[in-house]
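Reader: I would like to learn how to read the features of a structural model with some care. Could we go through them in turn, with the general idea before each case?

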Amino acid sequence: MTQLEDARKTVLKASRSYYAHLGYYEERIYSEDTNRRELDFLEFAFRTHAIHKVRDVLDVACGSGRHVLGLAHRGYRCTGQDYTPEQVQTSKARAKREGVSVKLLQGDATRLKYESEFDAVLALRILFLLPDDDSVLTCLRQVHRALKSGGIVVCNIANPFYDGENWFSLKSIQRGHYLNEIHVPGMRWLSIDRVEDFDPIRGVTWWQETPVIETSDGVHIYRLREHLRLFTYWDILHYLQAAGFKEIKCYPDWKIKPPKKPKAEWLVFVSRKE
Ligand SMILES: C[S@@+](CC[C@H](N)C(=O)[O-])C[C@H]1O[C@@H](n2cnc3c(N)ncnc32)[C@H](O)[C@@H]1O
C-alpha cells in the first residue's frame with residue numbers, strides 16, 4: 001500500500017469512528033429553524049439555478065439525514081448516502097419514524113457510480129473532511145457525472161477566515177485549542193478540543209476532541225480524532241472549475257442576498273452542469 005493510500009485509510013477510519021459515536025448527538029444540535037432555513041435555501045437554489053424542475057436529489061454525505069429527509073417531506077425523490085453505517089442506520093430509522101420514503105445507502109463520496117441521474121447533488125459539510133486534493137477533485141468530478149445536464153451541485157465549506165470564534169476559525173487553530181458549550185433542549189455538550197498537528201502549508205489539521213455530553217440517559221464522554229482541511233473560496237472555485245462546472249455562485253452563510261458585512265462562517269456554493 002502506498003503512503004497516500006495509507007493516509008486516506010487513516011482519515012476515513014477516524015471519520016467513521018467520530019460520526020459513529022457523535023452523529024446521533026450532532027444531529028440534535030441543529031434546531032428546526034436551522035434545518036428549515038437550509039432547506040428553504042436549497043429550494044431557492046433549485047428554482048434559481050437548475051435549468052429543469054428539480055425532482056431527483058442525491059446527498060453524497062447525508063449524515064443522519066437532515067437534508068434528504070427534509071427534502072423528501074417537501075416532495076423530492078431523494079437518495080442519501082454516507083460512509084458511516086451508523087449514520088445510515090440513524091437516517092433509515094428517522095425515515096421510518098417520519099413515514100417518508102428515501103433511498104439510503106452506505107457509500108464513499110469519492111466512489112460515486114451514478115451517471116446523469118440527478119437534477120441536484122448535495123455535498124454539504126463533507127469536502128473539508130476528505131483526506132487530500134485528489135479526493136476532493138474525484139468527488140466533484142463524480143458529482144458532475146452524476147448530474148443531468150442543467151442540474152446543480154450545492155456544496156459548502158467552513159470559512160477559516162471567519163472573524164468570530166468557532167472550532168474552525170484560524171484563531172482557534174493558531175491558539176491550539178477550542179472550548180465550547182452548547183445547550184439544546186435535553187442535551188448539554190461541552191467540547192474540549194486540541195489541535196494536534198497543524199500543517200499551515202497544506203492547511204491540514206487533526207483535532208483531538210473530548211466531548212462531554214449530558215443527556216437524560218446519562219453523561220457520555222468520548223475521545224476522538226478528526227482530520228480537517230482548511231479551504232478558502234478560491235480553492236473551491238478552482239476544484240469546481242477543474243471538475244467541469246462553469247458558472248459558480250457563492251452564498252455566504254446560506255443568505256440569498258449579499259450580507260452587509262463579509263464575515264461569513266459558512267460559504268455555500270451553487271454551480272450548474274452545462
Ligand atoms: C459533518 S457531517 C455532514 C452531514 C450532513 N451533510 C450535514 O450537512 O448535516 C459529515 C458526514 O460525512 C460523512 N463522511 C465522512 N467521510 C465520508 C466519505 N468519504 N464519503 C461519504 N461520507 C463521508 C460522515 O460519516 C458524516 O456523516
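Author: What follows is a conversation about the ligand, a pocket, a cavity, the cysteines and a few single residues. Please keep in mind throughout that this is a predicted model.

Reader: Let us begin with the ligand; which residues come nearest to the ligand?

Author: A residue is taken to be near the ligand when one of its heavy atoms lies within 4 Å of it. In this model there are 20 residues around the ligand, and those that come nearest are Ala61, Arg66, Asp82, Thr84 and Ala109.

Reader: Which side chains place an N or O atom at a short listed distance from an oxygen atom of the ligand?

Author: For such pairs the cut-off is 3.5 Å between N or O atoms. The side chain of glutamine 87 has an N or O atom 3.0 Å from an oxygen atom of the ligand, and the side chain of arginine 125 has one 2.9 Å from a ligand oxygen.

Reader: And which side chain has an N or O atom 3.0 Å from a nitrogen atom of the ligand?

Author: That side chain belongs to aspartate 108, where the distance between the ligand nitrogen and the N or O atom is 3.0 Å. Asp108 also appears in the next feature, since Asp108 is among the residues closest to the centre of the second largest pocket.

Reader: How should I read that pocket, and what is the volume of the second largest pocket?

Author: A pocket is an open set of points, in contrast to a cavity, from which the probe cannot get out. The second largest pocket has a volume of about 390 Å³. It is lined by 15 residues, of which Arg8, Leu12, Asp108, Thr110 and Arg111 are the closest to its centre.

Reader: Which elements each supply at least two residues of the lining of the second largest pocket?

Author: They are α1, which covers residues 3–29, and α5, which covers residues 133–146. The largest share comes from α1, with six residues. By residue class, the lining of this pocket divides into eight charged, four nonpolar and three polar residues.

Reader: How many cavities of 30 Å³ or more does the structure hold?

Author: The structure holds one such cavity, and the volume of the largest cavity is about 30 Å³. Its lining consists of His49, Glu247, Ile248, Lys249, Val270, Ser271 and Arg272. Two elements give two or more residues to that lining, namely β11 (248–252) and β12 (266–272). Of the elements, β12 gives the most, with three residues. The lining of the largest cavity divides into three charged, two nonpolar and two polar residues.

Reader: Turning to the cysteines, how many disulfides are there?

Author: A disulfide is a covalent bond between the sulfur atoms of two cysteines. In this model the count comes to zero disulfides. Cysteine 139 is in no disulfide, and its nearest cysteine sulfur, that of cysteine 155, is 8.6 Å away. Likewise, cysteine 155 is in no disulfide, with the sulfur of cysteine 139 as the nearest at 8.6 Å. The distance matters here because a disulfide requires a pair of cysteine sulfur atoms within 2.5 Å.

Reader: Is cysteine 139 buried or exposed, and is cysteine 155 buried or exposed?

Author: The cut-off for buried is under 20% relative accessible area. Cysteine 139 has 0% relative accessibility and so counts as buried. Cysteine 155, also at 0%, counts as buried as well.

Reader: Which value of phi does serine 116 have, and where does serine 116 lie?

Author: Serine 116 has a positive phi of about 50°, although it is not a glycine. Serine 116 lies in the loop between β3 (103–106) and β4 (118–123), and with 42% relative accessibility it counts as partly exposed. Tyrosine 114 has its place in the loop between β3 and β4 too, but tyrosine 114 counts as buried, at 13% relative accessibility.

Reader: What is the phi of tryptophan 254, and is tryptophan 254 buried or exposed?

Author: Its phi is near 65°, a positive value in a residue other than glycine. Tryptophan 254 is found in the loop between β11 and β12, and it is buried, with a relative accessible area of 8%.

Reader: Finally, how does separation in sequence compare with separation in space for tryptophan 189 and valine 219?

Author: These two residues are 30 residues apart in sequence, and their C-alpha atoms are 9.7 Å apart in space. Tryptophan 189 is found in strand β7, residues 187–199, and is buried, with a relative accessible area of 6%. For another pair, tyrosine 114 and histidine 227, the separation is 113 residues in sequence and 27 Å from C-alpha to C-alpha.

How values were computed:
Residues numbered from 1 in each chain as written. Predicted model: local features only at pLDDT ≥ 70, side-chain atom pairs only at ≥ 80, totals over all residues. Heavy atoms only, no water. 1 Å grid on protein atoms, 1.4 Å probe; cavity = no way out; pocket = protein on both sides within 12 Å on 5 of 7 lines; lining within 4 Å. Points joined across faces, edges and corners; volume = space filled by probe spheres on them. Helix = DSSP H or I, 4+ residues; strand = E, 2+ residues; numbered from the N terminus. Nonpolar A, V, L, I, M, F, W, Y, C, P; charged D, E, K, R; others polar. Buried < 20%, exposed > 50% of the residue type's maximum accessible area, 1.4 Å probe, protein only. Polar contact = N/O pair within 3.5 Å; in protein donor to acceptor, adjacent residues only side chain to side chain.
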